[in-house]
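Student: Could you take me through the charged pairs in this model, one by one? I'd like a close look at that part, and then a quick tour of whatever else is worth seeing.

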Amino acid sequence: MSKQDDLNKITKELRMNVPDISGVMIASDEGLSIATDFAEEDAVRVAAVSAAASGLGNRISQNASLGEPEEVMVKGRDGLLLIYLAGDNSVLAVRAPSRGNLGLVRLEASSAAQEVRKVLG
Amino acid sequence: MTNEIIEQIPECVRFNDEDAQALIRNKDVLLTLEDGLVEGFYNSVYSYSVTRAVFTDDERAAREQTLRDWYRRTLNGPFDDAYWQWQTFVGLVHIKRKVNNAMVSGMWGWILTYLSSNALEHLEANEAKAVIKALHSLQAAVMALISESYQRNMFVAVDKASGIKEALLMRLVNIEIDGMLDDARANGTG
Ligand code: HEM
């Protein structure tokens, strides 16, 4: 299986395991979409802003002495986006409803980020 | 960073040793233009409210002296690493004082016109041609250093402050530019 197949599988399994999740994005830290099930018209921007939010999250963690960054969350009235570092040069972002089972979303998304890390290093 | 920027300019049009020699060889004549250069330059920037606003009330004499020193150092050579690094530094000094690239580029236009027309008047045709070519290549190199170094320093600063790397920032910019281009095409302006 190619790396791309592995990443597509992680994306698919995450959606299957947590039906609340309505979009998964694996992006490079340069903001390029690598694997995603976001609609094509949204994917370009979601990839770029996810990478940007992750970079900013890192800086905030450093400057406010928060330790290793684990997660960046953006919560809107209609949903939230959770962003995780997924390897040295990539991020994983998931979109979920703001009133869903957040515990499960977090658990599965952070473990998917670990899987991505294994694939991409 | 300085060399890397200069090396973006095609070698065949880059400021080269021949250009340096043309300026140095004709420096006696070019130095006679110094007073006119300094006066014309500062008359222009002081006569326009936007550029005038850059200066504090008692600054003109000091500024005239810095332009004089720059002109002399340029005509004396050498065009070594220290010279190009200084041009980059001068660019940053300007930015700190809110002298933007449009102002500098505009005044370079004036300098080129002033020196070229005088070169044609006071030098033999082939020498005048060589000097004019040298001045144009010099201006291109200096503007390249000023604009690129500013952009690169900005990328470093944004990364430091926000964690957003150059490649990502360029991507965000390009996404917006794509949108603007689409709009322009849809409006028939592109
Ligand atoms: C061809 C264009 C120009 C050249 C070659 C030039 C050259 C210089 C040089 C050599 C310095 C001294 C830098 C240092 O070593 O500290 C300087 C400073 C300065 N220039 Fe220019 N300049 C140009 C255009 C302009 C324009 C268009 C303005 C304003 C409208 C301007 C305003 C200033 C000011 C305010 C400073 C003082 C900066 C400081 O030390 O606070 N310059 N310039």
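Tutor: Here is a walk through the salt bridges, followed by the ligand site and a couple of other spots.

Keep in mind that this is a predicted model. Counting over all chains, there are 19 salt bridges in the structure. Let's pick out some of them.

Start with the pair made by B:Glu176 and A:Arg45, whose side chains meet in a salt bridge at 3.0 Å, N to O. B:Glu176 sits in helix H10 (residues 166-186) of chain B, while A:Arg45 belongs to helix H2 of chain A, so this pair joins two chains. How open are the two partners? B:Glu176 is partly exposed, at a relative accessible area of 39%, and A:Arg45 is partly exposed too, at 42%.

Next, stay inside chain A. The side chains of A:Lys118 and A:Glu115 form a salt bridge, with 3.3 Å from N to O. Both are in helix H3 of chain A, and because they are three residues apart there, about one helical turn separates them. Here the two ends fall into separate classes: A:Lys118 counts as exposed, with 64% relative accessibility, whereas A:Glu115 counts as partly exposed, with 36%. The cut-off behind that split is 50%, since exposed means over that value.

Now over to chain B. B:Asp80 and B:Arg73 meet through their side chains in a salt bridge of 3.4 Å, N to O. B:Asp80 is partly exposed, with a relative accessible area of 31%, and B:Arg73 is also partly exposed, at 24% relative accessibility. Chain B has a linked set as well: B:Glu34, B:Asp35, B:Arg68 and B:Arg72 are connected in a network of salt bridges.

That brings us to the ligand. It has 20 residues around it, and the closest are B:Arg63, B:Val93, B:His94, B:Arg97 and B:Trp108. Look at B:His94 in particular, which lies in helix H7 (residues 81-96) of chain B. Its NE2 atom is the single donor that the protein gives to the iron atom of the ligand, at 2.0 Å. A polar side-chain atom of B:His94 also lies 2.8 Å from a nitrogen atom of the ligand. B:Arg97, another of the closest residues, places a polar side-chain atom 2.9 Å from an oxygen atom of the ligand.

Two more spots are back in chain A. For the first, find A:Ser98, in the loop between strand S5 (90-96) and helix H3 (102-120) of chain A. Is A:Ser98 buried or exposed? A:Ser98 counts as buried, because its relative accessibility is 18% and the buried class is anything under 20%. The side chain of A:Ser98 reaches the backbone oxygen of A:Arg77, at 3.2 Å.

For the second, swap polar contacts for a nonpolar patch on the surface, formed by A:Leu56, A:Ile60 and A:Leu66, which together have about 270 Å² of accessible area. One of these, A:Ile60, is found in helix H2 (residues 40-63) of chain A, and A:Arg45 from the pair joining the two chains is in helix H2 as well. A:Ile60 is partly exposed, with a relative accessible area of 45%. A patch takes residues with over 30% relative accessible area, so A:Ile60 at 45% passes that cut-off.

Terms used: Residues are numbered from 1 along each chain as its sequence is written. Chains are lettered from A and ligands numbered from 1 in the order in which they are written. This is a predicted model: local features need pLDDT of at least 70, side-chain atom pairs count only at pLDDT 80 or more; totals for chains, interfaces and linings use all residues. Side-chain values use heavy atoms; hydrogens and water are left out. Patches are made of residues with over 30% relative accessible area and no salt bridge: like charges are joined within 9 Å, nonpolar side chains (Val, Leu, Ile, Met, Phe, Trp, Tyr) within 5 Å. Accessible areas come from the Shrake-Rupley method with a 1.4 Å probe; for residues, only the protein chains shown count as cover. A salt bridge is a side-chain nitrogen of Lys or Arg within 4 Å of a carboxyl oxygen of Asp or Glu. Helices (H or I, at least four residues) and strands (E, at least two) are DSSP runs, numbered from the N terminus. Buried means under 20% relative accessible area, exposed over 50%, partly exposed in between (1.4 Å probe, protein chains only). A residue is near a molecule or strand if one of its heavy atoms lies within 4 Å of it. A polar contact is a pair of N or O atoms within 3.5 Å; within protein, one must be able to donate a hydrogen and the other to accept it, and residues adjacent in sequence count only if both atoms are side-chain atoms. Donors are N, O and S atoms within 2.8 Å of the metal (3.2 Å for Na, K and Ca); water is not among the atoms, so sites may look incomplete.
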